[in-house]
Amino acid sequence: MNRAKLSVPAWIALSAIALLAAGCSSTKEDKTANWSPNRIYAEAKDEVGSGAFDKAVPLYEKLEGRAAGTPLAQQAQLEKAYAQYKGGEKAAAIATIDRFMKLHPASPALDYALYLKGVINFNDDLGMFAFLTRQDLSERDQKAAKESFESFKELVTRFPESRYTPDARARMNYIVNSLAQYEVHVARYYYSRGAYLAAVNRAQLAISDYREVPAVEEALYIMVRSYDALGLTQLRDDTRRVLTANYPYSAYLTRGFRANDNSWWQLW
């Protein structure tokens, strides 16, 4: 008995139909199609509240489109940035905030946008081994810290009465000290390697760029030790007099270098 053979063109056509059908059946239905903007917003808030930030972000994006041109759309954009930040998408969160500030330069929520941008950079990830190594903000690249400071500075300057300003000022204090401590950290590293001139130069940078911060005390001490190692006794004695005059009870003069046991959150 002869069996009918399927021609090649017919086989290709049937395969294409099968694939098309499979594609249509796998298309996800948009459950928000008939939802009002308020319901989308409420659902997104619920997802954020439960920690499902990855689910909240697309809801906020839908809300931006559905409520375009309204205050609710602006709110959605800011809350999307927060959800992205909490979900670990910090670069995306910064991009969302920058877009918000460009599109809405006169928004009454601009102070919050600046604050959130500062917080995102302020809390830049220290790395999975930061706790074990006791790494703090002064011992890593300072790009994020400087960007954070600039956001807080703009907030404090433009919106001195904002409810976010007091916290921004406190964080700025920490950042300034951290930036100074970073220079001292590098100076200490050079000193420990015997690069005394490089240690002096880095310590001087901390003193000239950041005044009246705790790190200056150690910077002066590093200079004293480095000048001594270089045999520059006059500069050593002059720097010691400055250190003693400004920090008469300095522990560095009696104990030398101290362990870095300050937690990142301690403000000065």
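What pattern does the chain follow when read along the sequence? In this predicted model, the pattern is α-α-α-α-α-α-α-α-α-α-α-α-α.

**Figure 1. Overall view of the predicted chain, with its 13 helices and zero strands.** The chain comprises 268 residues, of which 38% count as buried. Among contacts between residues at least 6 apart in sequence, 56% join residues at least 24 apart.

**Figure 2. Close-up of the largest nonpolar core, a set of 47 residues.** The residues with the most contacts inside this core are Ile97, Met101, Ile120, Phe152, Ile175 and Ile222. Two or more residues are given to the core by each of the elements α4 (71-86), α5 (90-103), α6 (110-122), α8 (143-158), α9 (165-192), α10 (196-209) and α11 (215-230). Helix α9 supplies the largest share, with nine residues. In soluble globular proteins, nonpolar side chains tend to be buried together.

**Figure 3. Surroundings of Ile97, one of the residues with the most contacts inside the largest nonpolar core.** When neighbours within four places in sequence are set aside, Ile97 is in contact with Ala81, Ala113, Leu116, Lys117 and Ile120. Ile120 is itself listed among the core residues with the most contacts. A second core, separate from the largest one, holds 16 residues, including Tyr41, Ala44, Ala56 and Tyr60.

**Figure 4. Packing of helix α6 against helix α8.** The axes of α6 and α8 lie 8 Å apart and form an angle of about 160 degrees. Because this angle is over 145 degrees, the two helices α6 and α8 are roughly antiparallel to each other. The crossing in which α6 passes α8 is left-handed. On the α6 side, the residues that meet α8 are Leu110, Asp111, Leu114, Tyr115, Lys117, Gly118, Val119, Asn121 and Phe122. Their counterparts in α8 are Ala144, Glu147, Ser148, Ser151, Phe152, Glu154, Leu155 and Arg158. By residue class, this contact divides into eight nonpolar, four polar and five charged residues. Phe152, which belongs to the α8 side of the contact, is also among the residues with the most contacts inside the largest core.

**Figure 5. Packing of helix α11 against helix α12 (residues 233-246).** Here the angle is about 160 degrees and the axes are 8 Å apart; α11 and α12 are therefore roughly antiparallel to each other. Helix α11 passes α12 in a left-handed crossing. Glu217, Leu220, Tyr221, Met223, Val224, Tyr227 and Asp228 are contributed by α11, and they meet Leu235, Arg236, Thr239, Arg240, Val242 and Leu243 of α12. The residues of this contact divide into eight nonpolar, one polar and four charged.

**Figure 6. Surroundings of Val224 in helix α11.** Val224 has a relative accessible area of 2%; because this value is under 20%, Val224 counts as buried. Beyond its neighbours within four places in sequence, Val224 is in contact with Arg236, Thr239 and Arg240. The C-alpha atom of Val224 is separated by 10.0 Å from that of Val242, a residue 18 places away along the chain.

**Figure 7. Surroundings of Thr32, in the loop between α1 (8-26) and α2 (37-49).** Is this loop residue, Thr32, buried or exposed? Thr32 is buried, with a relative accessible area of 2%. Leaving out neighbours within four places in sequence, the residues in contact with Thr32 are Ile40, Leu59, Lys62 and Arg66.

Notes
Residues are numbered from 1 along each chain as its sequence is written. This is a predicted model: local features need pLDDT of at least 70, side-chain atom pairs count only at pLDDT 80 or more; totals for chains, interfaces and linings use all residues. Side-chain values use heavy atoms; hydrogens and water are left out. A nonpolar core is a set of buried Ala, Val, Leu, Ile, Met, Phe, Trp, Tyr and Cys residues joined through side-chain atoms within 4.5 Å. Buried means under 20% relative accessible area, exposed over 50%, partly exposed in between (1.4 Å probe, protein chains only). Helices (H or I, at least four residues) and strands (E, at least two) are DSSP runs, numbered from the N terminus. Contact means heavy atoms within 4.5 Å. Axes are lines fitted to C-alpha atoms, for helices over the stretch in contact, and angles run from 0 to 180 degrees between N-to-C directions. Angles under 35 degrees count as roughly parallel, over 145 as roughly antiparallel, 65 to 115 as roughly perpendicular and the rest as oblique. A crossing is left-handed if the near helix is turned anticlockwise from the far one by less than a right angle, and right-handed if clockwise. Ala, Val, Leu, Ile, Met, Phe, Trp, Tyr, Cys and Pro count as nonpolar, Asp, Glu, Lys and Arg as charged, and the others, Gly among them, as polar.
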